[in-house]
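Let us take a walk through a protein model together. Have the sequence and the 3D view open, and turn the view as you read.

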Amino acid sequence: MNEHIKKATRHTNQNEGLIFEKSSPGKRAFDLPPLDVPSTDPEKTLGTHHRREGVEGFPEVSEIEVLRHFTRLSTWNYAIDLGMYPLGSCTMKYNPRVNEYVARLAGIATEHPLQPQELSQGCLKIMQLLEKCILEITGMDVVTLQPAAGAQGELTGLLLIRAHHEKHGNPRKKVLIPDSAHGTNPATAVIAGYDVENIKSNAEGQVDLAKLREQVTEDVAALMLTNPSTLGIFEQQIPEISEILHAKGALLYMDGANMNALTGITRPGDLGVDVMHLNLHKTFSTPHGGGGPGAGPVAMKRILEPYLPTPVLVEKEGGRLALDFQRKESIGRVKAFSGNFGVLVRALAYILAYGPGVRQATEDAVLNANYIRKNLEGIYDLPYTRPSMHEVVFSDAAQKRHGVNTMDIAKRLIDYGFHPYTTAFPLIVPGALMIEPTESESKEECDLFIDAMKSIAREAQTTPDVVKTAPHTTRVRRLDEVGAARKPILRWKPAKRSEAAD
C-alpha cells in the first residue's frame with residue numbers, strides 16, 4: 001500500500017515555476033467593492049481615457065500564491081546576510097542595521113530634499129557634518145556630495161580639473177592613466193574630452209617614475225591614479241608623482257574607490273593629491289548594487305573650489321545653512337540635487353558609529369586579505385609579491401596546466417556556497433583571481449573560504465572536469481555568457497496555441 005504514496009518535496013526548492021505559469025482564469029488577489037458613486041456608467045464617471053479593460057497576459061493568481069512565489073524566489077538570492085562576497089575591487093562589506101534605522105527616523109526618512117531651505121536645516125546640517133567628516137578622513141579642503149556614483153564622481157573631478165586649466169588659458173589635451181587603474185578611468189577621461197595615454201607599471205606593480213617623467217608634458221591635464229591599485233598594492237611614491245605633475249602644471253586625481261584600505265591611516269590630501277572621489281558603498285557601507293541609488297562625493301584642494309558643481313552648501317550668518325546656486329565659475333549641476341540624501345545619511349551613521357574605530361575597520365580589512373593570501377600562496381600563483389593591502393590578486397597559472405581557468409574556479413566556488421571573486425581583472429594579470437574579504441568577515445568565514453579554494457585547487461589537479469563544468473548545484477547551470485550578453489531574453493512570452501498543442 002505504501003509504495004503507491006507519492007512523496008512530497010520540500011516547498012523551498014529550485015523548481016519554482018514562473019508566476020505566469022501559475023495563472024488560472026478568474027483568480028484574484030483582491031476584489032474592489034462595487035462602484036458606489038451616483039453615476040453607474042463608468043465612462044461618465046471616469047472618462048474613456050482613464051479606463052482600462054485589463055493587461056493582456058497579466059497573471060491571474062491569488063494573494064497567497066503571489067506571496068509564496070516571491071518568498072520562495074527570495075531564497076535563491078545570495079546576499080551579504082548569507083555569506084562572504086570576496087569580490088576584489090568591489091568592496092562588498094556588510095551594511096550595518098543601525099544605518100538603516102537612522103535613515104528611517106522620523107524627520108529624516110520623510111524629508112524631501114527640494115523643500116524650502118528654512119524647513120531643511122536639519123537635513124543640511126547632516127550634509128554639513130558628513131562633509132566635515134570626509135574632509136578630515138581625506139585631508140582635503142572642500143567637498144561636494146552631489147555625484148550619484150563613483151563613475152560620476154570621476155567625471156566631476158575631471159570637469160573640475162578641466163575648468164581649472166581653462167581658467168589658466170589652456171584646457172590641455174591628455175590624461176595619463178596607469179595600467180593598474182580602475183576600468184572606468186579611461187572612459188571618464190574620454191567623456192571629459194581628453195585623450196588617454198597609458199602608463200605601464202614596473203615589475204613591482206608600481207608607477208614607473210622614469211616613464212612618468214617622460215610622459216608628463218605641458219599637454220597633460222592630470223594623472224588618474226588608483227590607490228591602492230587594482231593589484232591591491234599601495235603606491236608608495238605618491239609624493240614624488242605629485243611633484244612631477246605639479247612641476248608641469250598638471251594635477252593629480254586619485255580614484256578613491258579603494259579607500260577601505262586607507263581610511264583612518266593615510267590621508268591622500270597629505271600626499272599631494274589634488275582631487276579624489278569616494279564610493280560611499282565601498283568605504284562607508286551604504287547599500288551596493290541594484291542600479292542605485294549611490295553616492296560618489298568628490299573632495300579637492302582649495303584651488304578647485306571656484307568650480308564646484310552647484311548648488312554648494314554654505315553657512316550664513318548665525319549658523320544658518322543654505323544652498324548657493326549663484327557661482328559664476330561653477331561646472332554646473334551634475335545631479336538634480338546635492339546627492340542622494342538617504343545614502344548620505346547612512347554613510348554618516350557608519351562614520352559616527354565607528355568614530356576613531358574606523359582605523360580598526362581598515363586594519364581588519366587589510367589583515368583579512370593578507371590572511372587569505374598567506375594561506376593560498378603556493379597553491380595559486382602570486383604574480384606581484386609586494387605587500388597586499390585590502391585585496392590580493394592571484395593568477396590561474398598553476399591551474400591552467402590542467403586546463404582549468406579563473407572562470408572555472410569562480411563557477412566551482414558557487415558549489416561551495418560562496419559568491420565568486422572578481423575574475424580576469426586587473427587586465428595586467430592574465431587569468432586574475434581578485435579577492436577582497438573586507439573587514440566584515442570573521443576568521444572562521446575566511447577559513448571556510450580558504451578551505452574551499454584549496455579544495456578546488458585539488459580538484460583542478462585530480463578531477464578537472466568537475467571544475468570545468470561547474471556550477472553543479474544551481475538551478476541554472478553554466479550560461480553561454482557571450483550569447484546572454486549579445487542576445488538577452490529579457491521577458492517571458494507564452495507559447496502560441498498551436499505550439500502548446502504540439
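We begin with the whole protein and then visit a few helices and two single residues.

Keep in mind from the start that this is a predicted model. The protein has 17 helices and twelve strands. Its C-alpha trace spans about 85 × 75 × 45 Å along the principal axes. Of its 502 residues, 47% count as buried. How do contacts in the chain spread over sequence distance? Among contacts with a separation of 6 or more, 71% are between residues 24 or more positions apart.

Now find helix 4, which covers residues 121-138. Helix 4 has 18 residues, and at 1.5 Å a residue they should span 26 Å; the C-alpha atoms at its ends are 26 Å apart, so expectation and model agree. Is helix 4 mostly covered or mostly open? It is mostly covered, with 13 of its 18 residues buried. Just after helix 4 comes Gly-139, which takes a positive phi of about 75 degrees.

Move along to helix 5, residues 150-167. You can try the length check again here: 18 residues at 1.5 Å each should span 26 Å, and the end C-alpha atoms of helix 5 are 26 Å apart, which agrees. The buried residues of helix 5 include Gly-150, Gly-153, Glu-154, Leu-160, Ile-161, His-164 and His-165. What covers them? The cover of the buried residues in helix 5 includes helix 6 and several strands, among them strand 2 (174-178), strand 4 (220-226) and strand 5 (251-256). Strand 6 (275-278) and strand 7 (298-300) also belong to this cover. Helix 5 is followed by Gly-169, whose phi is positive, near 90 degrees.

Helix 6 deserves a second look as a packing partner. Two packed helices are described by the angle between their axes and the distance between the axes. Helix 5 packs with helix 6 (residues 184-191) at an angle of about 45 degrees, and their axes are 9 Å apart. That angle makes helix 5 oblique to helix 6. Their crossing is right-handed. On the helix 5 side, the residues that meet helix 6 are Ala-151, Glu-154, Leu-155 and Leu-158. They meet Thr-184, Asn-185, Thr-188, Ala-189 and Ile-191 in helix 6. Sorted by class, this contact has five nonpolar, three polar and one charged residues. Glu-154 appears both among the buried residues of helix 5 and among those that meet helix 6.

For another pair, go to helix 11 (358-376) and helix 14 (residues 443-462). Helix 11 and helix 14 pack at an angle of about 30 degrees, with 10 Å between their axes. Angles under 35 degrees count as roughly parallel, and helix 11 and helix 14 are therefore roughly parallel to each other. The crossing of helix 11 and helix 14 is right-handed. Helix 11 brings Asn-368, Tyr-371, Ile-372, Asn-375 and Leu-376 to the contact, where they meet residues of helix 14 including Lys-443, Cys-446, Phe-449, Ile-450 and Met-453. By class, this contact has seven nonpolar, two polar and three charged residues.

Stay with helix 14 for a moment. Its 20 residues should span 28 Å at 1.5 Å a residue, and its end C-alpha atoms are 28 Å apart, which agrees. Among its buried residues are Cys-446, Phe-449, Ile-450 and Met-453. Besides helix 11, the cover of the buried residues in helix 14 includes helix 12 (397-400), helix 13 (406-415), strand 12 (432-435) and helix 15 (464-468).

Strand 12 leads us to a single residue, Ala-432, which lies in that strand. Is Ala-432 buried or exposed? At 0% relative accessibility, Ala-432 counts as buried. Leaving aside neighbours within four places in sequence, Ala-432 is in contact with residues including Val-393, Phe-394, Ser-395, Thr-406 and Tyr-421. The C-alpha atoms of Ala-432 and Ala-397 are separated by 9.0 Å, although their positions lie 35 residues apart along the chain.Our last stop is Glu-377, in the loop between helix 11 and strand 10 (392-395). Glu-377 is partly exposed, with a relative accessible area of 36%. Not counting residues up to four places away in sequence, Glu-377 touches Leu-382 and Phe-394. The C-alpha atoms of Glu-377 and Phe-394 are separated by 8.5 Å, and the two residues are 17 residues apart along the chain. Phe-394 is also one of the contacts of Ala-432.

Terms used: Residues are numbered from 1 along each chain as its sequence is written. This is a predicted model: local features need pLDDT of at least 70, side-chain atom pairs count only at pLDDT 80 or more; totals for chains, interfaces and linings use all residues. Side-chain values use heavy atoms; hydrogens and water are left out. Axes are lines fitted to C-alpha atoms, for helices over the stretch in contact, and angles run from 0 to 180 degrees between N-to-C directions. Helices (H or I, at least four residues) and strands (E, at least two) are DSSP runs, numbered from the N terminus. Angles under 35 degrees count as roughly parallel, over 145 as roughly antiparallel, 65 to 115 as roughly perpendicular and the rest as oblique. A crossing is left-handed if the near helix is turned anticlockwise from the far one by less than a right angle, and right-handed if clockwise. Contact means heavy atoms within 4.5 Å. Ala, Val, Leu, Ile, Met, Phe, Trp, Tyr, Cys and Pro count as nonpolar, Asp, Glu, Lys and Arg as charged, and the others, Gly among them, as polar. The expected span of a helix is 1.5 Å times one less than its number of residues. Buried means under 20% relative accessible area, exposed over 50%, partly exposed in between (1.4 Å probe, protein chains only).
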